Amino acid sequence: MTEPTGGRVVSLDAFRGLTIAAMILVNNPGSWAYVYAPLAHAEWHGWTPTDLIFPYFLFIVGVAIPFSFSRRLAEGAGRGRPFRHVVRRSLILIGLGLAMRAIPDFDLFDMRLYGVLQRIGLVYCAAAALYLWGSARVRWIAVGVLLFGYWALVAGDLTPDGNLGARIDRFLMGDRLWQGTWDPEGLLSTLPAIGTCLLGIFCGEWLRSDRSGGEISRGMWIVGAWLVVLGFLWDTVFPINKNLWSSSYVLFTAGTALLLFGAMYWLIDVRRLRGGWVTPFVIYGMNSIAVFVASGMFAKTLARIRVGGDGGMPLSAWLYENAFRSWAGDYGGSLAMALAQVTFWLGIMWVLHRRRIYIKI
């Protein structure tokens, strides 16, 4: 069996790209009234494939951290300069998230301040700090404190409006929340999300170890399977819940991430099966934040532009009705429009990839 050699872990780019493509798919249906159940979030407790996407991205953020900083630390570089870079990237992510929310109305005093990029920025900053200044033992302790501490804090009332996180968010933000009274990217649930990223860091360190590619893959599968089991066991007392980012959800999603990523690593980096099926995911993965922001703003623009008489209808709705629903039906047309946007953005990113343009922050 061919073993992976030094250099870029291609499967990490592919896994990141698969995650971003899935984000675009589930965020851009032709109509929110017609979405197949696996492509929608669970209403509260429980999970769907869509509920795996965001934690996978945070897990990937963690995997990348050892690759970003371990060499510089091994060479004796100080921790201050890398951390300043971390803070800068975190602030840019938070700023991009706020800009996506604000444009074009700039209703800064009324708009929702929480969001996906804001959570990524906060989680990345905290997890990177623990990597730069904490040992592996410290990080394991941090995972335990975050998951068990969060469980202790929110135990009791786990309803959408009554849980502690929702009460804190209403106190801080009033009604500037995604659902008015609660928010899936709220402040308190960011704490266990840091745990998701820390588990990704452990995976990144495992990938950088001196073990063979086969050993690394098997280790990812074994640990992943155990985390899934532990997540299901914890689910019996603290349900798997994406909106709460429950501790059972952290273990379950990290476990499934390890199973999937382990399979991709074995196929792409160990067996080197890098045919055309890998390329689209790698292209998405190497411009992940850029395509996430661009696709989000594009969708917002389509919803703002109105066509037709008497006030018309949003261009996005017009396209759904006339270009997709007309031949594929309600649900099929909604999915077809989402797939068309995934394909459209793949084409844009392909052009950038061919010109070696990678937009980093």
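A residue is called buried here when its relative accessible area is under 20%, exposed when that area is over 50%, and partly exposed in between, judged with a 1.4 Å probe and with protein chains only as cover. By that standard D13 is buried, with a relative accessible area of 3%, and R16 is likewise buried, at 13%.

The structure is a predicted model, in which local features need pLDDT of at least 70 and side-chain atom pairs count only at pLDDT 80 or more, whereas totals for chains, interfaces and linings use all residues. Residues are numbered from 1 along each chain as its sequence is written, and side-chain values use heavy atoms, with hydrogens and water left out.

**Overall form**

The chain contains 13 helices and two strands, these being DSSP runs numbered from the N terminus (H or I of at least four residues for helices, E of at least two for strands). Its radius of gyration is 21 Å, close to the 21 Å that the globule rule gives for 361 residues, so the chain is as compact as a globular protein of that length; the radius is taken over C-alpha atoms, and the rule is 2.2 Å times the number of residues to the power 0.38. Along its principal axes the C-alpha trace spans about 65 × 50 × 40 Å, and 48% of the 361 residues count as buried. Of the contacts with a separation of 6 or more, 77% come from residues 24 or more positions apart, a contact meaning heavy atoms within 4.5 Å.

**Helices α1, α8 and α9**

S11 belongs to helix α1 (residues 10–27) and is buried, at 0% relative accessibility. Its side chain makes a polar contact of 2.5 Å with that of D269, where such a contact is a pair of N or O atoms within 3.5 Å, one able to donate a hydrogen and the other to accept it within protein, and where residues adjacent in sequence count only if both atoms are side-chain atoms. Leaving out residues up to four places away in sequence, S11 touches F261, M264, Y265, I268 and D269. Y265, in helix α9 (residues 247–270), is buried at 3%, and its C-alpha lies 9.3 Å from that of A14, although 251 residues separate the two in sequence. Y265 is also among the contacts of S217, together with G262, W266 and V270, neighbours within four places being set aside; S217 is found in helix α8.

**Salt bridges**

The structure holds nine salt bridges, each a side-chain nitrogen of Lys or Arg within 4 Å of a carboxyl oxygen of Asp or Glu. Three of them are listed below.

| Pair | N to O distance |
|---|---|
| D13 and R16 | 2.9 Å |
| E321 and R325 | 2.8 Å |
| E185 and R112 | 2.7 Å |

The pair of E185 and R112 links distant parts of the chain, with E185 in the loop between α6 (164–173) and α7 (190–207) and R112 in the loop between α3 (80–102) and α4 (116–133), 73 residues apart. Both E185 and R112 are buried. D13 and R16, by contrast, are separated by about one helical turn, because they are three residues apart in helix α1. E321 and R325 are also about one helical turn apart, being four residues apart in helix α12 (residues 315–328); E321 is partly exposed at 31%, and R325 is partly exposed at 27%. Salt bridges that share partners join R112, D183, E185 and K242 into one network.
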